[in-house]
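Student: I would like to learn how to read a two-chain model feature by feature. Could you take me through one, with the general idea before each case?

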Amino acid sequence: MTRTFLAKGMEIIQQDKQQILLRGKGDGIFADIINKEVSLLPPTDNLRMINNDEFLFAKQSFDQWALIFLKPKPEKEIFRLLSAFNSNEEILASNYSNTTYFEISGENKNHFLSKLTHFDLRSKKFPVSTMAQTLIARIDCCLYNFGDRYLLSCHSSFEDYFKDRLQDAIDL
Amino acid sequence: MIENKIYFKFDGKTFEGNEGDTIAAALLRNNVKLVGRSFKYHRPRGIYTCGIEEPNALVQIINEHNEPNVRATVKKIYEGMVVKSQNRWPSLKRDLGSINNLLSPIFSAGFYYKTFMGPKSFWKNVYEPLIRRTAGLGKPPKEFKSKSIHLQHNVDIVIVGGGLTGLLAAKKLAGTKYDVLLIERENSFGGILKSSKKIKLINDQDPNDWIEKTERLIHNSSNIKVLRNTLVNTYNFKDHLIALEDKSVGKPQDNKKPELVLHKIRTKQTILANGHIERFISFRNNDLPGVMLAASFEKYIYRYGVVPDESPVIFTNNSSTFSLIKSLIDLGHKPKAYVDIRDPKKIEKEVVELLAKNNIPFYAKSEIEGCDGKNEIKSVTIRFKKNETAKIKTSMLCVSGGFNPDIHLFTQSKGLLKWDENLITFKPDKIFQNTITLGSVSGNFSYQNIMKEINEKLSFLEGINDLDIKLDIEGPVNFHIKELWETKNAKKSLWSKSFIDLQNDVTTKDLKQAVTEGFNRIEHLKRFTTNSMGTDQGKISSINALGIVSKILKKNISDVGTTTYRPPYAPLNFSAIAGRSTYEFYDPVRKTPIHPWHIKHNAVFEDVGQWKRPWYYKKYTNETMHEAVQRESKQVREAAGILDGSTLGKIEIKGKDALAFINLIYTNSFTKMKPMTARYALMLGEDGMVKDDGIVCKINDQHFITTTTTGGAANVLAHMEEYAQTEWPDMNVYVNSITEQFATFNISGPKAKTIMERVFSNIDFNNKKFPFMTFNNFDYLNSKVRILRASFTGEQGYEIYISPKNALTLWERIFYYSRGINLVPYGTETMHLLRAEKGYIIVGQETDGTVTPIDLNLDWMIGKNKKDFIGKRSLIRSDIISSERKQLVGLIPLDKSYGIEEGQHIIEEKNLDTPIKKPIKMLGHVTSSYFSPTLNHCVAMALIKGGNRKIGSQLYVSTSDLNVIPVEVVKPNFIDPKNERLVS
């Protein structure tokens, strides 16, 4: 269930998004296959992210990328892309659309998150257009830094627990 | 200034205090000096200090969930607070436990170790309850729900202490590029500036004005964050500090808000400006209420406006008490006597002149021999020549035995100390982490040099300027200390004691006895006597103990060394440590997409890892678990059942070398396996022991999907990732966890196929088209669904994998289309029963990390012709192939009315002695046992030594009431051994 959480100087909005998790060498062939389908070149630096209106593309580790669809696509289109990516035997593309997302914005977002994570959110340590994989409320999460807001993702099975923790952190 | 009056209760009596008073300040304001009883001897105890170092004044706060051992010198009062003294009965003044004091001559160091040796049966039933009842501090709190939270910080610099030094350091860092966190344990800044009149003016301003201006500067600096009422408790590696903030200072707890905040701080640089602690001097009856440290006495005057006594006797070995004398005189009072151990020539002339000018009796080269009184001081005895003494009536004695830098945090950081002969104390020497000590914690007791020290030690920081400061100091600049740890006891009675550790009731005599008994290492001596092992960690006395021991051992103190100061600096509430990881947030919770349906249908949940899995479903309110499981399993065998298996781990494996990879990861051979078929597979550790199992689905040689156990999913993925990255980096293979991306349902039972045909009407489920252990993908609900023909019950079965977004819809459709078929939802317990009837293993139940596939009779799953796989080499070791290893067998009780308990031993003995007197040969243990409603008797599986050879024989299973049940050893397959149902 989608919810909005409000607190002083902060807003959290739950969002539905689709995602494809890509594994591969990250070489020219890999980049070409991706670029052909989504008109974006995968970022080459670890934990870097790039985005346009439609996609957020983040390099999560040396051989892993997350392609998040900022605008919803028909499920058939996701399957088409998966098929296109997986047509190369050296790429593994998995449908990760069953992921829960929260957009966190507002001037108090760092203070709020400091109740839930040890991660250093200062801009000098977590610059804009980078991402992090860290523990938030004791579960594995990805955090994408857009500057004015963060996009946070976690496994959907944790959704209820995570929303309870968000509300609890707001209340306390 | 009009103070707000506050009323609170102490031991049932109502007292009036001022807003901002600590319990101790308010009690002293009401001339109450007796506040507690000591730990062991139940001696009357009073208020010794004015802060966190307090060893005596520990009280219980009744209206805060009975919170025990609260320092009265720290806890602020509020309206309606109810405080009770501890460790006394029936009352504080008349405590029956004080009989311990009469018996104290026999309660010396090591008394417990030597006395309560035997008989053995007394340890638990007599000695422990007796000792616990007569000794100890407060009573444990009642259960309550914590609202403490944790807050994380990442900064460049932490300043611990907001006294003069901390404020100067913060002022220097204001407006710089550094993120600074300034932490002060009190609710106001200033430290010594607010606790005494030692510094008259700062830059020609009143110290309070200077503090206010500096605070404003800090407040306006965007780079400095401030925490008040926050005590840094722990200094971990690497520059990781833990500090506790009390959010409910001076107000009742609000259960809707966090009362405590545990700050976890990571920093690049730690500035310790946490000051010093005054120490006491040991003399006869130095524990009587009315004895107080001199600086604490002065702090009560300036912090709280309380004069604990108008004419105390002052006893010292240094000149720091000048400001106390001056303060009393300024207030129109004066000390009854001034006793100084030093030669008059070594005492600063300012002190001597002040005493002379105000006609204060001055005893130079003298000492306090002891003090007397019942529940508080009535008189002190001064020894002013070798054997001459004078007795003075007084109700208060202020003692100053010198100062110790507050080195606890520094030593927690593993910094090294050195002995300073002039200051007669240990001070920081070599740092281990990025630590800077400033001010008195570094041994710099000279205020005049503080700014120079700060400028020098912070000069390496970029973009900061040197500061200058002018301090107008009243009284002697130096305090010329003379070593004195203990005065000579005139031995007036057996019950007069000279204490070294007030909280643990350790006397100086105990130290001597410990050394005599051979405990001449300071760490051994500490444990034998329990010196410095109280909750105060001997803050005012530990160096004194070293001084006394060094004299006994005739060594230098620096050679005796120090004991270890361990975190936390002061006791922490367990609720603060736990934070929000309690009750509903004790552990993260994972739910499947079908969870709301399970709740609606009265599922009772089982925790499997972090997952909530339906254990069984209650058909009616009073249905027991046994009844439900019997009903569910019978219905599966007779019609069909559905299990939510979404929690099963699922891993997608792809790459040019995926086939080679999977051949190495699992024992089975996958080379000849056809695409779109599946295989039950075993995964071993390098030791050849079963690690996990699951079904491997082959899409093609480059693409596989495997399942894992629910609990093993994360480990299996990590295991695969580790081997792919570190052992076989040349392989082109990638693995993704897709556990969350598919909901999984297992439908099984004789009617399973009928249900599938109804739900997926466009799919042909004919055995020839869709044989056992094959799978295919289909379009369904505008999405994809993967159906695998497999079973974990021994019945005809199908596994459906679908996107979680469509899962609940499909689940409900399955029930809709099963009308008239009697489809039952079943939980994990029924699943366990059904698979046990069929003899299928569960990793973690039939295995325990010491079981091989051969032990499980699963050697048919080992690809004999495979060149290699993880664990292969271990499987040919002699002890692994031994026929005497424990092997998996089935058990059936000879008397079918008996049940077999899981975990019980398998033995050959018909009878057991009660109690068991001789060792009994244990052949193995029961791994699983269930009552089968289909067979109408119990079926069990067991691991038994040489089990395969014992099939057909009779053995015995022990019971929890020391009986035995005769059982027949059978093959572990109780239903449909020919698999006719499975492939039907």
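Student: Let me begin with a backbone detail: where is K414(B) found in chain B?

Tutor: Keep in mind that this is a predicted model. K414(B) is in the loop that runs between helix 11 (408-412) and strand 27 (416-420) of chain B. Its phi is positive, about 75 degrees, although K414(B) is not a glycine.

Student: Is K414(B) buried, exposed or partly exposed, and why?

Tutor: The idea is to count C-beta neighbours: 20 or more within 10 Å makes a residue buried, and 12 or fewer makes it exposed. K414(B) has 14 other C-beta atoms within 10 Å, so it is partly exposed.

Student: Which residue of chain A has a positive phi although it is not a glycine?

Tutor: Look at L47(A), where phi is about 65 degrees. L47(A) sits in the loop between helix 1 (28-38) and strand 4 (49-51) of chain A. Because it has 18 C-beta neighbours inside 10 Å, L47(A) counts as partly exposed.

Student: Now omega. Which residue does a cis peptide bond join to W89(B)?

Tutor: That residue is P90(B), and omega is about 5 degrees. P90(B) has its place in the loop between strand 7 (82-85) and helix 2 (99-102) of chain B. The peptide bond from P567(B) to P568(B) is cis too, with omega near 0 degrees. For P568(B), the loop is the one between helix 16 (557-560) and helix 17 (574-578) of chain B.

Student: Stepping back, how do I judge the overall form of each chain?

Tutor: Put the radius of gyration beside the value for a compact globule with that number of residues. For the 172 residues of chain A, such a globule would have a radius near 16 Å, and chain A agrees because its own value is 16 Å. Chain B has 38 Å, whereas a compact globule of 984 residues would be near 30 Å. Along the principal axes, the C-alpha atoms of chain B fill a box of roughly 115 × 70 × 55 Å, and the C-alpha trace of chain A spans about 50 × 35 × 25 Å.

Student: What secondary structure does each chain have, and how much of each is buried?

Tutor: Chain B comes to 25 helices and 51 strands, and 50% of its residues count as buried. Chain A has four helices and eleven strands, with 37% of its residues counted as buried.

Student: How should I read a sheet?

Tutor: Strands of a sheet pair through backbone hydrogen bonds, either parallel or antiparallel. In chain B, six strands make an open sheet, in the order 42-43-44-41-35-45, with mixed pairing. Strand 42 (775-780) and strand 45 (823-825) of chain B are at the edges with a single partner strand each, so one side of each has no neighbour in the sheet. From one strand to the next, the twist averages 25 degrees.

Student: How many bridges join strand 35 to strand 41 of chain B?

Tutor: Four bridges join strand 35 (residues 640-644) to strand 41 (residues 743-748) of chain B, and the two run antiparallel. To place the register, take G641(B): its bridge partner in strand 41 of chain B is S748(B).

Student: Which residues of strand 40 of chain B point one way, and which the other?

Tutor: Y734(B) and N736(B) point one way, V735(B) and S737(B) point the other way, and all are buried. Strand 36 (residues 649-654) of chain B is joined to strand 40 of chain B by four bridges, in antiparallel fashion. Within that pair, E652(B) has N736(B) as its bridge partner.

Student: Which residues have the most contacts inside the largest nonpolar core?

Tutor: That core has 146 residues, and L27(B), V158(B) and I159(B) are among those with the most contacts inside it. Beyond its neighbours within four places in sequence, L27(B) is in contact with residues including F10(B), F15(B) and A72(B). A second, separate core of 142 residues includes L152(A) as well as V716(B), V759(B) and I900(B).

Student: Finally, how many residues does each chain bring to the contact between them?

Tutor: Chain A gives 32 residues and chain B gives 35 residues. Helix 4 of chain A supplies the largest share of the chain A side, five residues. By class, that side has eight nonpolar, ten polar and 14 charged residues.

Terms used: Residues numbered from 1 in each chain as written. Chains lettered and ligands numbered in written order. Predicted model: local features only at pLDDT ≥ 70, side-chain atom pairs only at ≥ 80, totals over all residues. Rg over C-alpha atoms; globule rule 2.2 N^0.38 Å. Pairing = 2+ DSSP bridges. Axes fitted to C-alpha atoms, helices over the stretch in contact; angles between N-to-C directions. Core = buried A, V, L, I, M, F, W, Y, C linked by C-beta atoms within 7 Å. Contact = placed C-beta atoms within 7 Å. Nonpolar A, V, L, I, M, F, W, Y, C, P; charged D, E, K, R; others polar.
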